[in-house]
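User: Please take a close look at the charged side chains in this model, and at what lies around them. I would like one connected account that I can follow with the structure open.

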Amino acid sequence: MATIQASVVVKDDGATKIVTWAGFTAADDVGVPVEMTPWGDRCVQMTGTLGSGPQMMFEGSNSGGASDYLQLKDVHGTALSAVSTKVPLQIAEVPLYFRPRFVASSGGASIDVILVLRRPNQSRQ
């Protein structure tokens with residue numbers, strides 16, 4: 001199990017934040033949590049080489065304790081997990097902390113996770 005560090009880029013106007021965790025390769029690799037508030041719009045996607053049998057879970061917590069993370073849901077109430085890099089997933093819930101966790105792989109994977117967070121920009125209104 002590896003702990004994957006996050007790189008964070010805030011766009012010029014401050015209304016968009018892009019968080020990337022690079023290098024998930026083995027089951028139980030976990031991303032370092034990032035704060036999700038005050039970002040109301042949240043979308044996550046995987047990129048890279050999937051290998052065989054990959055599954056990434058997306059988890060949230062309000063306390064940040066290692067055992068306090070639960071699987072988040074999409075806007076339809078379906079548990080968020082990804083087995084494909086094709087489709088960005090919209091996150092319905094807004095916990096204080098978010099992290100990706102790689103839960104299954106039969107090998108050969110090298111996956112990055114990209115989280116895009118957006119909030120209203122008062123200077124544009």
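**Charged side chains and their surroundings**

Analyst: Asp29 is found in the loop between β3 and β4 (30–31), where strands (E, at least two residues), like helices (H or I, at least four), are DSSP runs numbered from the N terminus. The model is a predicted one, in which local features need pLDDT of at least 70 and side-chain atom pairs count only at pLDDT 80 or more, while totals for chains, interfaces and linings use all residues. Residues are numbered from 1 along each chain as its sequence is written, and side-chain values use heavy atoms, with hydrogens and water left out.

Asp29 is buried and yet takes part in no salt bridge, the nearest side chain of opposite charge being that of Arg101, 10 Å away. Buried here stands for under 20% relative accessible area, exposed for over 50%, and partly exposed for what falls in between, with a 1.4 Å probe and protein chains only. A salt bridge is a side-chain nitrogen of Lys or Arg within 4 Å of a carboxyl oxygen of Asp or Glu, and for charge, Lys and Arg count as positive and Asp and Glu as negative, while His and the chain ends are not counted. Apart from neighbours within four places in sequence, Asp29 is in contact (heavy atoms within 4.5 Å) with residues that include Met1, Phe24, Pro100, Arg101 and Phe102.

Arg101 does have a carboxylate partner, namely Glu59, and the closest N and O atoms of this salt bridge are 2.8 Å apart. Arg101 lies in strand β11 and Glu59 in strand β7, so the pair ties together parts that are 42 residues apart in sequence. Glu59 is also joined to Arg99 by a salt bridge, at 2.8 Å from N to O, and this second pair likewise links distant parts of the chain, with Arg99 in β11 and Glu59 in β7, 40 residues apart. Glu59, Arg99 and Arg101 are thus linked in a network of salt bridges, and a search of the whole structure finds 2 salt bridges. The members differ in accessibility: Glu59 counts as buried at 2%, Arg99 is buried at 12%, and Arg101 counts as partly exposed at 22%.

Tyr69, in the loop between β7 and β8 (70–71), belongs to the surroundings of this network, since its contacts beyond four places in sequence include Glu59 and Arg99 as well as Pro33 and Tyr97. Tyr69 is buried, with a relative accessible area of 8%, and its C-alpha is 8.5 Å from that of Phe98, although the two are 29 residues apart in sequence.

Phe98 leads on to the nonpolar interior. Together with Trp21, Phe58 and Leu115, Phe98 touches the most other members among the 23 residues of the largest nonpolar core, a core being a set of buried Ala, Val, Leu, Ile, Met, Phe, Trp, Tyr and Cys residues joined through side-chain atoms within 4.5 Å. The elements that give two or more residues to this core are β3 (16–24), β6, β7 (55–61), β11 (97–104) and β12 (110–118), and β12 gives the most, with 4 residues.

The other charged residue to consider is Arg42, in strand β6 (residues 41–49). Arg42 is buried and has no salt bridge, the nearest side chain of opposite charge, Asp41, being 6.0 Å away. A polar atom of the Arg42 side chain does, however, lie 2.7 Å from the backbone oxygen of Ile91. Leaving aside neighbours within four places in sequence, the contacts of Arg42 include Met36, Leu89, Ile91, Glu93 and Val116.

The strand that carries Arg42 can be placed in an open sheet of 5 strands, ordered β2-β3-β12-β6-β10 with antiparallel pairing, where two strands pair if DSSP finds at least two bridges between them. β2 (6–10) and β10 stand at the edges with a single partner strand each, so one side of each is left without a neighbour in the sheet. β6 is joined to the antiparallel β12 by 9 bridges, and to β10 (residues 89–90), also antiparallel, by 2 bridges. Val44 stands opposite Leu115 in β12, and in β10 the bridge partner of Val44 is Leu89.

Notes: A polar contact is a pair of N or O atoms within 3.5 Å; within protein, one must be able to donate a hydrogen and the other to accept it, and residues adjacent in sequence count only if both atoms are side-chain atoms.
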